[in-house]
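Visitor: I would like to go through this model with you, one feature after another. Could you show it to me?

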Amino acid sequence: MPCPVIRDLPVFADPLWAQQCLAYHVQAQPDAATIVRLAAAQQYLGAAIPMALHLIPARALHCSVVTIISPDGPMIDKAPAWQKIRDAMSDDLVARIRLAEPTSIMFDEIRVTPAAIIAVTTEQPSLFRELREIFSELLDDLGLPARRYTQTHVTLARFTQDGHIDRPALLRLRDAEPIVAQFSALRLVAERQYPSLELEEI
């Protein structure tokens, strides 16, 4: 089977960067060694991508498990919506988040999207999958928008300006080393400054 042709990719500045926001998530928290490995991948981006980037600060690096209410999602009254969701969450669901065992994931590709540069994996830990299904059903029952997940990723960088990433740069990312990541805990958080620059654990 022939390899897909890689072409220049248009990318777009992130209009929300460092803006105040309100969103709610379940996030997986990387351990200290994983943060070091993710930072090394970010340094590789700086050499591989000929464009100024917003690198995600170490304190904000995470793996998104569930975005319950998005910072840029449909225009709903988010605080009352969150209260409805929180009231509908069982004690068992909250305990499964707070008492989750550490999880290891291999991120085997660095991928450029029009909005960000992400480390992606084909793995989907069983707890991540179960929580996504639970929250999807819960939000559907409440008549609220639910995000559908096709991958697990860590965002490494976002774009400071509109532009194009050329084919040679995209090819260089294929040489990036896989990232072995250990996530020490899951957290239920309110995001106050995007992207996860200011969080409040719930």
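Visitor: What span should the 17 residues of helix α1 have, and how far apart are its end C-alpha atoms?
Guide: In this predicted model, helix α1 covers residues 32-48. At 1.5 Å a residue, its 17 residues should span 24 Å. That expectation agrees with the distance in the model, where the end C-alpha atoms are 25 Å apart.

Visitor: Within what arc do the buried residues of α1 fall, seen down its axis?
Guide: The residues of α1 that are buried, with under 20% relative accessible area, are T34, I35, L38, A41, Q42, L45 and A48. Seen down the axis of the helix, these buried residues line one face, because they fall within an arc of 135°.

Visitor: Which residues are exposed on the other side of α1?
Guide: Exposure here requires over 50% relative accessible area. On the side of α1 away from the buried residues, those that are exposed are A32, V36, Q43, G46 and A47.

Visitor: Is Q27 buried or exposed, and with which side chain does its own side chain make a polar contact?
Guide: Q27 lies in strand β2, which runs over residues 20-30, and its relative accessibility of 2% means that it counts as buried. Beyond its neighbours within four places in sequence, Q27 is in contact with several residues, including C63, V65, L186, R187 and L199. At 3.4 Å, its side chain makes a polar contact with the side chain of H62.

Visitor: How many residues apart are R158 and D14?
Guide: R158 and D14 form a salt bridge, with their closest N and O atoms 3.5 Å apart. The pair links distant parts of the chain, R158 being in strand β8 and D14 in the loop between β1 and β2. Both partners are buried, R158 at a relative accessible area of 16% and D14 at 13%. Their separation along the chain is 144 residues.

Visitor: Which helices are linked by the salt bridge of R96 and E130?
Guide: The side chains of R96 and E130 meet with an N to O distance of 2.3 Å. R96 counts as partly exposed at 28% relative accessibility, and E130 also counts as partly exposed, at 31%. These residues are 34 apart in the chain, and the helices that they link are α3 and α4.

Visitor: With which residue does E200 form a salt bridge?
Guide: E200 counts as partly exposed at 39% relative accessibility, and its partner is partly exposed with a relative accessible area of 27%. The closest N and O atoms of the pair are 2.8 Å apart, and the partner of E200 is R192.

How values were computed: Residues numbered from 1 in each chain as written. Predicted model: local features only at pLDDT ≥ 70, side-chain atom pairs only at ≥ 80, totals over all residues. Heavy atoms only, no water. Helix = DSSP H or I, 4+ residues; strand = E, 2+ residues; numbered from the N terminus. Expected span 1.5 Å × (residues − 1). Buried < 20%, exposed > 50% of the residue type's maximum accessible area, 1.4 Å probe, protein only. Arc of directions from axis to C-beta. Polar contact = N/O pair within 3.5 Å; in protein donor to acceptor, adjacent residues only side chain to side chain. Contact = heavy atoms within 4.5 Å. Salt bridge = Lys/Arg side-chain N within 4 Å of Asp/Glu carboxyl O.
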